[in-house]
Amino acid sequence: MKIFVYNLRDFDEKKWFDKYCGQFGIEYEGTPDYPTEDNVDLAAGAEVISIIPCPMGKDLLERFASVGVRHIAARSIGLDHIDLAAAEMLGIKVTNAHYSPSSVANYAILMMLSSCRRYTQILRRAALQVFTLRGSMGREFSDCTVGIIGSGSIGKTVIRHLQGFGCRILVWNRSRDEQAAAMAEYVPLEMLLAESDIISLHLPGKPELFHFLGEEEFRLMKNGVILVNTARGSLIDEDALIANLQSGKVGYAALDTIEEETGLYYHDFQGKTLPGKKLNILRSLPNVDITPHMAFYTEKAVAEQIECVVRAAGELG
């Protein structure tokens with residue numbers, strides 16, 4: 001059994017692949033690059049490839065099938081980046097990784113707290129020796145109504161960890177989770193949008209949820225609302241977000257994920273011009289914090305991701 005690992009990071013992932021592949025008697029090789037039509041042949045001889053979120057359409061899947069790949073072990077919870085129907089047709093098994101939901105949940109709360117207190121702005125100003133209070137006043141987090149959109153494992157963990165802050169917590173999901181219902185108030189989406197001071201997204205990036213928050217949803221929100229996204233960039237219509245940030249309708253946005261991050265995130269662009277007009281506009285706004293899809297990024301989560309990948313590969317063998 002052999003795994004070929006795309007986007008392999010030697011500074012954090014390699015030691016865990018070494019450990020778990022050695023433990024399960026599995027061979028592996030890797031590249032730091034995303035999978036493309038040009039590097040499919042690197043996986044020749046490997047029954048399994050492992051990927052991070054990146055587009056895996058029918059044509060690319062056919063190429064991998066042609067070199068003998070029969071399992072994609074994703075190092076992510078979501079699988080929305082993979083054409084699952086095409087994979088099934090080609091006989092390619094697809095598995096996801098499970099890891100501590102606290103990693104993303106606590107990062108989302110970090111972004112909420114930072115946005116409430118204008119913490120990033122204060123740090124930037126202090127670095128320039130601007131110590132005035134003018135323009136730095138925050139709001140009491142405990143007095144906020146927090147709306148959680150999505151009550152899966154991560155959303156539910158956010159709700160549980162918010163209990164000690166004293167916030168009013170609203171939640172919306174297509175289906176009801178009784179554990180979440182014991183800690184928060186399930187409400188219609190329109191009510192959550194209208195009454196929340198802070199809205200945090202915890203939905204998968206499924207096609208039917210594309211631009212889940214668009215102009216109509218922004219219209220329903222409170223003036224000055226704080227928006228936090230640690231889920232998927234595709235959930236937000238970024239043109240609508242930019243317009244509502246510029247108008248002040250959205251008071252602050254904390255974004256760990258954006259629409260066009262493939263080929264950008266996890267690479268070093270220091271001193272280079274960034275692609276993507278919308279990303280550059282968002283980065284220019286003082287009421288926006290952007291981090292490179294790293295809410296998951298803890299030692300524990302990385303180890304658990306890779307253990308899942310290797311165990312799944314071992315089960316295939």
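This note goes through the overall build of a predicted model and then one of its residues, S76.

1. Secondary structure. The protein contains 12 helices and 12 strands.

2. Overall dimensions. The radius of gyration is 21 Å, and a compact globule of 317 residues would have a value near 20 Å, so the model agrees with that expectation. The C-alpha trace spans about 60 × 50 × 35 Å along its principal axes.

3. Burial and surface. Buried residues make up 51% of the 317 in the protein. The accessible surface is about 14800 Å², and carbon and sulfur atoms contribute 52% of that area.

4. Contacts along the chain. Among contacts in the protein with a separation of 6 or more, 67% come from residues that are 24 or more positions apart.

5. Charge. There are 41 negative side chains and 32 positive ones. The centres of these two sets are 6 Å apart.

6. Location of S76. This residue sits in a loop, with β4 (71–74) on one side and α3 (84–89) on the other. Is S76 buried or exposed? Its relative accessible area is 4%, and the cut-off for burial is under 20%, so S76 counts as buried.

7. Surroundings of S76. Leaving aside residues up to four places away in sequence, S76 touches P53, H81, N96 and A97. A polar contact is also present: the side chain of S76 reaches the backbone oxygen of G78, at 2.8 Å. For a reader opening the structure, the loop between β4 and α3 is the place to find S76.

Conventions. Residues are numbered from 1 along each chain as its sequence is written. This is a predicted model: local features need pLDDT of at least 70, side-chain atom pairs count only at pLDDT 80 or more; totals for chains, interfaces and linings use all residues. Side-chain values use heavy atoms; hydrogens and water are left out. Helices (H or I, at least four residues) and strands (E, at least two) are DSSP runs, numbered from the N terminus. The radius of gyration is taken over C-alpha atoms; the globule rule is 2.2 Å times the number of residues to the power 0.38. Buried means under 20% relative accessible area, exposed over 50%, partly exposed in between (1.4 Å probe, protein chains only). Contact means heavy atoms within 4.5 Å. Accessible areas come from the Shrake-Rupley method with a 1.4 Å probe; for residues, only the protein chains shown count as cover. Lys and Arg count as positive and Asp and Glu as negative; His and the chain ends are not counted. The place of a charge is taken as NZ of Lys, CZ of Arg, CG of Asp or CD of Glu. A polar contact is a pair of N or O atoms within 3.5 Å; within protein, one must be able to donate a hydrogen and the other to accept it, and residues adjacent in sequence count only if both atoms are side-chain atoms.
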